[in-house]
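Trainee: Hi! I have a new structure open and could use some company while I look around. Can we go through it together?
Mentor: Happy to, let's have a look.

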Amino acid sequence: METAIRQKVEAWLTGNYDEATKNEIQTLLNSNQEDALADAFYKDLEFGTGGLRGIMGVGSNRMNRYTLGMATQGLSNYLKQNFPDQQVKVAIAHDSRNNSDSFARIVADIFSANDIKVYLFEALRPTPELSFAIRHLGCQSGVVITASHNPKEYNGYKAYWNDGGQVTAPHDKNIIAEVNKITSIDDVKFEANPANIELIGAEVDEAYLQAVLGLSISQDIIKRQHDLKIVFTPIHGTGITLVPAVLERFGFTNVHVVEEQATPDGNFPTVVYPNPEEKDAMNLAMQKAAELDADIVLATDPDADRVGIAVKNHKGEFVLMNGNQTGSLLINYLLLAWQKAGKLTGKEFVVKTIVTTDLIKELADSYGVKMYETLTGFKYIAELIKQLEGKEQYIGGGEESYGYLAGDFVRDKDAVSSCALIAEMAAVAKDKGQTLFEMLLEVYTQHGFYKEELISITKKGMRGAEEIQQMMADMRSNPPQTIAGSPVVLLTDYKTGVQKNLQTGEEVTIDMERSNVLQYLTEDGSKISARPSGTEPKIKFYFSVKEPLASAAEFDATEQKLNQKIEQIQIDLKLK
């Protein structure tokens, strides 16, 4: 074992760590599990711009009470520096993962010991409700214990600021600096002050549900279509706490929960990945929908900030919609409703991320509504809402990874309100004798058929990281002249902040935070984005292609043409 790792192991065996932790480390030592020990101790679990995320277990590179404690002590110190002359308040929630409840309690104890007022949810709750609670209760910060849709071995810690959005610059880097100053667990105040902890639940639920109900646009249609047959699965997560309740409040009376996945369970026994983006995670819900001849399937991830849907296609078969399709339908529905209500004054806006479909821009343009783009990550959408507050009116926004938000009382992606609005859209479609799929085909015939695809290439280890860096460097320095037979017109480099017209040589500065993302735009409107993952040894490629769609009858032939184009792009970029 390397000396540095052995020293860390010894520090944990001799320091103020609990006996169960020391016994577990000693067991690993006695059984010569050096690889396991090395992985647990070779580095400190890094507090990044989104907080912590890692495998649960003993060690400095694991999620446990001590790594959690040091992060919380650093955040406590930063909050007290930033709000020196007031009572600092925080809200805390957790998802259904193993240890999430005990981790949430540890975080609450440490905040309370630092004389910070804590509002702790009495039981598991969706992440968007935590975002809502921060503003509802006048908090300066908040924390949710979740690892989103990661496998069951993981847990995480997401930090929020007083606007209800995840922390962004400069607070993200400043919090990291404070956390890094905590070099010993002896610096962490673990002893709770119970007087500073208040349990919350039903009152915040009610306020949040009332706010979501206020988003409803078509109550008269829901009354006619109240028996819309909905299948819902929370995939063993927090969605069960509020999604059925909000669907009932909206007026839906025919909701069927997938019982095998209804109970919150951090082992996620029926799936490998509890992620509605994964087809396997949707199988049970799809089977139930087929048995019941349902109208729509809704599925939320463990912390209920993402939603996946399935609908019947033009052949009567249940198909999964991707995040770009659902997001486009939702934005179109909201824009049409605002237009019909006479609420479009020229000061409204929608938002999408740079790797989300440009169909959303087409839609916004058609209603004369401004569309903004942000970097990937919903915290950037939240930040934009905050910047424009009082000047422009947010309608809705989303990202291709199944995250959407209507209204601004939450400042993170919200699967609870999205489920309700998507069900309402399905009711509106049914009232017109359509499915949501047919509604999407209508959008395609009016604005063009946009087809998106994502591939991830994994390159493990130090060599893999170098290969990814080299791929990005090559694409920057030697961009292709043509892709799939169409000339490359624009090269947008979000790392340098420059967009270059490859045909004229003209350069434009991008007014956005820097990020290691590269985009090619071709003459025929195809867009290719390359983005290394910040948390995994992967590089992601996003493809977006488009063709006119003359009529719904031409969907299959046009889709085949678009699939062939994506295939050719991958071949031209040597990704196949």
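**A buried lysine and its partner**

Mentor: Let's start with Lys352, which is buried, with a relative accessible area of 0%. Keep in mind that this is a predicted model.

Trainee: Okay! Which side chain does Lys352 meet in a salt bridge?

Mentor: The partner is Glu373, with N and O 2.6 Å apart. Lys352 belongs to strand β12 and Glu373 to strand β13, so the salt bridge ties together parts 21 residues apart in sequence.

Trainee: And Glu373, how accessible is that one?

Mentor: Glu373 has a relative accessible area of 27%, so it counts as partly exposed.

Trainee: How many salt bridges are there by this rule?

Mentor: The count comes to 33. In general, side chains of opposite charge can pair when their charged atoms come close.

Trainee: Got another one to show me?

Mentor: Try Glu389. The side chain of Arg411 meets that of Glu389 in a salt bridge, at 3.0 Å from N to O. This pair links distant parts of the chain, 22 residues apart: Arg411 sits in the loop between β15 and α15, and Glu389 in the loop between α14 and β14.

Trainee: Is Arg411 buried or exposed?

Mentor: Buried, with a relative accessible area of 1%. Glu389, at 41% relative accessibility, counts as partly exposed.

Trainee: What does Arg135 form with Glu389?

Mentor: Also a salt bridge, where the closest N and O atoms are 3.4 Å apart. Arg135 is in helix α6, and 254 residues separate it from Glu389 along the chain. With 32% relative accessibility, Arg135 is partly exposed.

Trainee: Which residues are linked in a network of salt bridges?

Mentor: Glu122, Arg125, Glu129 and Asp205 form such a network.

Trainee: Switching topic: helix α13. Which of its residues are buried?

Mentor: In α13, which covers residues 359-366, they are Leu359, Ile360, Leu363 and Ala364. Looking down the axis of α13, the buried residues fall within an arc of 140 degrees, so they line one face of the helix.

Trainee: Why would residues three or four places apart in an α-helix point the same way?

Mentor: An α-helix has 3.6 residues a turn, so residues with that spacing point the same way.

Trainee: What covers the buried residues of α13?

Mentor: The cover includes helices α12 and α16, along with strands β12, β13 and β16. After α13 comes Gly368, which has a positive phi, near 70 degrees.

Trainee: There's another glycine I clicked on, Gly377. Where is its place?

Mentor: Gly377 is in the loop between β13 and α14. Beyond its neighbours within four places in sequence, Gly377 is in contact with Thr353 and Glu399. Its C-alpha atom is 9.8 Å from that of Ile354, which is 23 residues away along the chain.

Trainee: Last topic, then: how many residues has the largest nonpolar core?

Mentor: It has 110 residues, and those with the most contacts inside it include Phe252, Val350 and Tyr520. Helix α15 supplies the largest share of this core, twelve residues. Apart from it lies another core, of 51 residues, including Ile5 and Leu45.

Trainee: What does Val350 touch?

Mentor: Setting aside residues up to four places away in sequence, its contacts include Ile331, Leu335, Tyr372 and Ile395. Ile360 and Ala364 are also among the residues Val350 touches, and those two are buried residues of α13.

Trainee: Nice, that takes us back to the helix. Thanks!

Definitions and conventions
Residues numbered from 1 in each chain as written. Predicted model: local features only at pLDDT ≥ 70, side-chain atom pairs only at ≥ 80, totals over all residues. Heavy atoms only, no water. Buried < 20%, exposed > 50% of the residue type's maximum accessible area, 1.4 Å probe, protein only. Helix = DSSP H or I, 4+ residues; strand = E, 2+ residues; numbered from the N terminus. Arc of directions from axis to C-beta. Contact = heavy atoms within 4.5 Å. Salt bridge = Lys/Arg side-chain N within 4 Å of Asp/Glu carboxyl O. Core = buried A, V, L, I, M, F, W, Y, C linked by side-chain atoms within 4.5 Å.
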